[in-house]
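Here is a walk through one structure. Keep the viewer open as you read.

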Amino acid sequence: MKRKAALLLVTAAITIATAIQPARILAQDPPVPDEATAAAPVTAQAEDTAAVVRLTDFDYSTGWKDEDAANYYGQNEEDGDRRIQVMLEGRLGSGKEAVVSYKVEQLHFVGPAASACGYAQVPPQEGTLTFTDEQHQQEITVPITNDEVSECIEYYTVSISPKTDNVVVPHQSATAELYVFDDDESVVTFTRKSNRANPWFDMVEDGQLAVRPWQTDRSIMDGIIILGDRSKPVTVDLKYIDCCAKRNEDYTSRMTKFSPHKFSFDRDVEYTRADNPFTKFGWNNTHMLYEPNRLFGIIDDEKVELKPEGFKIVLSNPVNTSIGAVDSGYITIRDNDRPSFYFKSQYMYGTYQFSKTLTVTVMRSDGEGEASVTLTPKEDHLTQAGEHWMAKPGVEYDGTPQKIRFAPGETQKTVEIPLYPNGYVAPFSEMASKYFLLELKGASKGYRALHTGMVTVH
Ligand SMILES: [Ca+2]
Ligand SMILES: [Ca+2]
Ligand SMILES: [Ca+2]
Ligand SMILES: [Ca+2]
């Protein structure tokens with residue numbers, strides 16, 4: 001468990017670093033001194049006096065300190081288009097121009113519940129800004145539409161980089177993050193409809209999810225989500241309703257209230273990296289509740305079940321919010337007390353560079369007689385993190401199904417899946433990974449498969 005959690009954290013951290021952090025733009029070339037100092041040798045001091053372009057904002061007149069790194073802007077949707085000032089400091093010299101490129105990108109979430117977030121995707125916006133000694137201030141406009149739809153908080157990254165070599169863009173002034181808080185009605189809802197056949201969470205009695213997508217910080221997992229206005233403290237009661245599964249016999253409830261953080265900010269303050277009240281990196285926590293083990297526990301009763309087990313969580317008693325389109329989530333529990341096949345570890349990692357194969361251990365709960373099951377590697381349609389992250393059969397791994405036969409007394413079999421050297425994700429990071437699934441199908445009579453295996457390849 002610990003190892004799995006740690007590896008998941010690593011995966012999440014890599015994803016945060018690669019998918020979310022705006023590109024760091026550093027001035028690579030030494031600055032070219034302007035005419036007034038052209039005769040002087042280029043020294044460290046020349047850099048201090050070179051023309052500098054910075055992203056800043058409306059309170060620029062209060063002065064600038066590098067340690068302020070004023071990179072966080074917040075606003076409400078109703079405040080409309082955001083105008084971000086870009087300033088030239090120092091002198092270029094008479095008749096000289098400096099050009100800076102800019103890019104505005106909306107952070108696009110992906111994953112099973114991304115559509116629950118509600119906001120329209122805005123394509124990236126790019127352009128250039130030209131400065132002269134007479135024109136030392138320019139502006140980037142981020143268009144913001146005030147609609148009447150309850151949405152997630154929107155995030156934009158704004159970045160600038162020098163296009164001509166007579167200016168420097170200091171690291172601290174090269175990127176900014178804009179947070180747009182929704183002002184429409186607060187709504188709490190499950191991210192999708194569910195029922196016994198298509199449960200919200202499909203749990204195994206051992207407490208593991210039978211099938212769980214990889215979790216990345218950009219992904220919106222199934223859960224309970226809050227949309228719209230976040231300025232008031234919200235609570236919603238979670239009611240647990242038995243449905244063949246019995247509370248305190250088959251499961252326990254751990255959380256009976258959903259109370260997401262409220263957000264407040266002063267629109268007249270230009271926040272810094274150190275003191276901003278927003279947080280992007282805890283996105284899942286700021287918007288939703290998605291961890292099944294925070295909501296409930298599953299009790300392994302060591303009894304063969306006569307009926308399928310399940311229960312519901314229902315939203316009720318909303319305070320400072322309303323309940324949205326989907327007010328309940330259905331959870332099923334898979335009995336593990338009848339003969340079954342399962343993975344020794346449901347989450348597996350393969351590295352082409354070191355092993356060229358993935359080692360998979362399949363277990364059976366019972367050693368009696370012969371039994372078999374077919375292991376099928378297939379595309380991960382569950383994580384929905386996009387094409388970049390999906391390992392393809394025949395490209396990153398061998399997708400041939402393998403029949404695994406257990407002799408009498410055998411409860412564990414290990415097989416290898418060949419990996420191919422294409423498993424690197426571009427353009428985000430060479431450290432990033434791709435995902436695929438392992439399914440257990442065609443189990444011998446009397447057996448069932450408990451898990452879907454999740455594989456990360458590097
Ligand atoms: Ca609005
Ligand atoms: Ca809105
Ligand atoms: Ca049970
Ligand atoms: Ca049981």
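The text below takes the metal site, then the cysteines.

This is a predicted model, in which local features need pLDDT of at least 70, side-chain atom pairs count only at pLDDT 80 or more, and totals for chains, interfaces and linings use all residues. Residues are numbered from 1 along each chain as its sequence is written, chains are lettered from A and ligands numbered from 1 in the order in which they are written, and side-chain values use heavy atoms, with hydrogens and water left out.

Start at the calcium ion (ligand 1). Its donors come from E77 (OE), N146 (OD1), D147 (O), D183 (OD), and D184 (OD) listed twice, at 2.3 to 2.9 Å. Donors here are N, O and S atoms within 2.8 Å of the metal (3.2 Å for Na, K and Ca); water is not among the atoms, so sites may look incomplete. The angles among the 6 donor atoms of the calcium ion (ligand 1) run from 46 to 164°, and the site is irregular. That word covers anything that fails these tests: four donors are tetrahedral if all angles lie between 85 and 135 degrees; four are square planar and six octahedral if opposite donors are over 155 degrees apart and all others between 65 and 115.

Along the sequence, the donor residues of this ion follow the spacing E-x68-N-D-x35-D-D. A second ion sits beside the site: the calcium ion (ligand 1) and the calcium ion (ligand 2) are 3.9 Å apart, and E77 coordinates both. E77 lies in the loop between β2 (72-76) and β3 (82-89), and N146 in the loop between β6 (137-142) and β7 (154-162), so the pair links distant parts of the chain, 69 residues apart. Strands (E, at least two residues) are DSSP runs, numbered from the N terminus. E77 is buried at 2% relative accessible area, while N146 is partly exposed at 45%. Buried means under 20% relative accessible area, exposed over 50%, partly exposed in between (1.4 Å probe, protein chains only).

Now the cysteines. How many disulfides are there by this rule? The count is 1, where a disulfide is a pair of cysteine sulfur atoms within 2.5 Å. C117 is joined to C152, S to S 1.9 Å. The S-S torsion of C117 and C152 is about -120°, so the disulfide is left-handed. C117 is in the loop between β4 (98-106) and β5 (125-131), and C152 in the loop between β6 and β7, 35 residues apart. Both C117 and C152 are buried.

C243 is in no disulfide. Why does C244 not bond to C243? Their sulfurs are 4.6 Å apart, too far for a bond. C243 is partly exposed at 26%, as is C244 at 39%.

Technical notes:
Helices (H or I, at least four residues) and strands (E, at least two) are DSSP runs, numbered from the N terminus.
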